[in-house]
Each structure stands twice: as structure tokens, then as C-alpha cells.
Amino acid sequence: MTVPKKRGPRGPYAKSVERRSQILAATEWVFRMRGYRAGTLQEIADRAGMGQSSLLHHFPTKEALLRAVLIERDVRADDLVISGDISSMVVGLARENESNRGPVELYSVLLGEATTQDHPAREYFQERLERVHTLYAQILQGHADAGELRPGVDPSGAASALVALWDGTQQQWLLGAPGVSVPDVLGRYLALLFTDEGMPEGLRPYSGRSLAGQAE
């Protein structure tokens, strides 16, 4: 039996979807290269190959473009997360990020700008920080309840340290620090939290190594 092929969007709707994708790609590039404040609507329109009036037909403001880019980034990241497995969620996502530098650069540029009080992405990053911390703390708490974490490990504190370590190491990697591997650093940190018996299989390659990369 022949299985009918799934058809994508057709006609005017397909063109609209394609145009939106082009605009978001152009926006990501401009914000990544110039930042949100310095990047202009005209630069985005030029990059997308359209006039500014056409751009504003799809996204009426610069803030609307910023929101759309951040949502798009979250959707891509969520597709890579495997729920419940801390090694896949953290090390796997960090490894994927290293193979796709653009979104990481965009995130880092916007995060740096968002520390100012009036930046339109400030609330987004505050909420994201709380959401990510809560997620990792809950997962680590589950491991603690199962007796899989080392004595004295506080799941909430360990989650905060994980987020800080990830952002800091990622900045070093973007700046070209020699020998820096974000997945490797995060894997070694997570392995330090677990007992030998309770360690997830994905973290075992990092077991017995300090954060300096040396065998303990």
C-alpha cells in the first residue's frame, strides 16, 4: 500500500512561512553581529532582501522581532532536550551547541545586553533563568531522593552552580580560550555530584576527573 506523502504549506501561506523564516534568520544574524540596540530594522530588511515596510508588515516593531527570535531559539533548544536524563539534557545540548555556533553567539550577546534595566529582553532572561534553575533542581532532587547524589550535595545550589558554570564556560569558548570544551566541563562537574553507584551512564566517561581535567 502506498502511504500518502505529507505535504507542507502551499500557496500564499507557504510563501508567508518562508518569508517569516527568512526574516528571523536575518534578524538573528543582525542581532548576533550588532546586538539588539545597535542593529537596525533597515539592516534586517536589507539582509532579508525586502523593504522596511514589508518587514514591518510581518513584524510591526523591533521588539516583536526580538521576541520571535527568542521564542524560535527556545523551540529549537526544547527539541534537543531529552526529559529526565540530566546527562542528555546538559551534555547533549552543550555538544549540539558547539556544532551550531550562531544561536550561542546570539544568546550570549542578548544576555549581556539584557543586564541593563530597560532592555526589552531583560524579563525574558530573568524568567528563563528561573525556569532552567527550577528544572535542573527538580531533576537533581529526584536523584537525591533516590540516594544517587554524594552526601552534602544540595540540589538547588548545584543547579545554580550548573547554570553559572555553563554560561561562563560558554563565554570562554566563544572567545576562543584554548582547550575549552563546554560539554566536557559540564560533564565533569555533573559527575562530581553523583555516587559511583548512582551515576547516569552518560556521565561515566567523565567520572574520576576534576574540573581541571585531571584524574582524581
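Let me begin with the outside of this protein, whose accessible surface comes to about 12,200 Å², with 52% of that area belonging to carbon and sulfur atoms. What you have in front of you is a predicted model, and the values I will mention are computed from it.

Turning from the surface to the interior, buried residues make up 41% of the 216 residues in the protein. As for the secondary structure, there are 9 helices and 0 strands, and so the pattern read along the sequence is simply α-α-α-α-α-α-α-α-α. If we take the contacts between residues at least 6 apart in sequence, 62% of them join residues that are at least 24 apart.

Let me take one helix as an example, namely helix 5, which covers residues 86–98. How far apart should the ends of helix 5 be, at 1.5 Å a residue? Its 13 residues should span 18 Å, because the expected span is 1.5 Å times one less than the number of residues, and the end C-alpha atoms are indeed 18 Å apart, which agrees. Several residues of helix 5 are buried, among them Ile86, Met89, Val90, Val91 and Leu93, and the buried set also includes Ser87, Ser88 and Asn97.

Next, the aromatic rings, for which the count comes to 3 aromatic pairs. One of these is formed by Phe31 and Tyr36, whose rings meet edge-to-face, with 5.4 Å from centre to centre and 65° between the planes. The label edge-to-face applies here because the angle of 65° is over the cut-off of 60 degrees. Are these two residues buried or exposed? Phe31 counts as buried because its relative accessibility is 0%, and Tyr36 is buried as well, since its relative accessible area of 8% is under the 20% limit. Elsewhere in the chain, Tyr107, Tyr124 and Phe125 form one aromatic cluster.

Aromatic rings also appear together with charged side chains. The charged end of Arg47 sits over the ring of Trp29, at 3.9 Å from the ring centre, while the charged end of Arg101 sits over the ring of Trp173, at 5.2 Å from its centre.

Finally, a word on annotation, which I would like to treat with some care. An unreviewed UniProt entry lists residues 40–59 under the name "DNA-binding region", and such annotations may be inferred rather than shown by experiment. In the model, the chain over residues 40–59 is 75% helix and 0% strand, and the end C-alpha atoms of this stretch are 13 Å apart.

Conventions. Residues are numbered from 1 along each chain as its sequence is written. This is a predicted model: local features need pLDDT of at least 70, side-chain atom pairs count only at pLDDT 80 or more; totals for chains, interfaces and linings use all residues. Side-chain values use heavy atoms; hydrogens and water are left out. Rings of Phe, Tyr and Trp (its six-membered ring) pair if their centres lie within 6.5 Å; planes under 30 degrees apart count as stacked, over 60 as edge-to-face and the rest as tilted. Buried means under 20% relative accessible area, exposed over 50%, partly exposed in between (1.4 Å probe, protein chains only). A charge sits over a ring if NZ of Lys or CZ of Arg is within 6 Å of the ring centre and within 35 degrees of the ring normal. Helices (H or I, at least four residues) and strands (E, at least two) are DSSP runs, numbered from the N terminus. Contact means heavy atoms within 4.5 Å. Accessible areas come from the Shrake-Rupley method with a 1.4 Å probe; for residues, only the protein chains shown count as cover.
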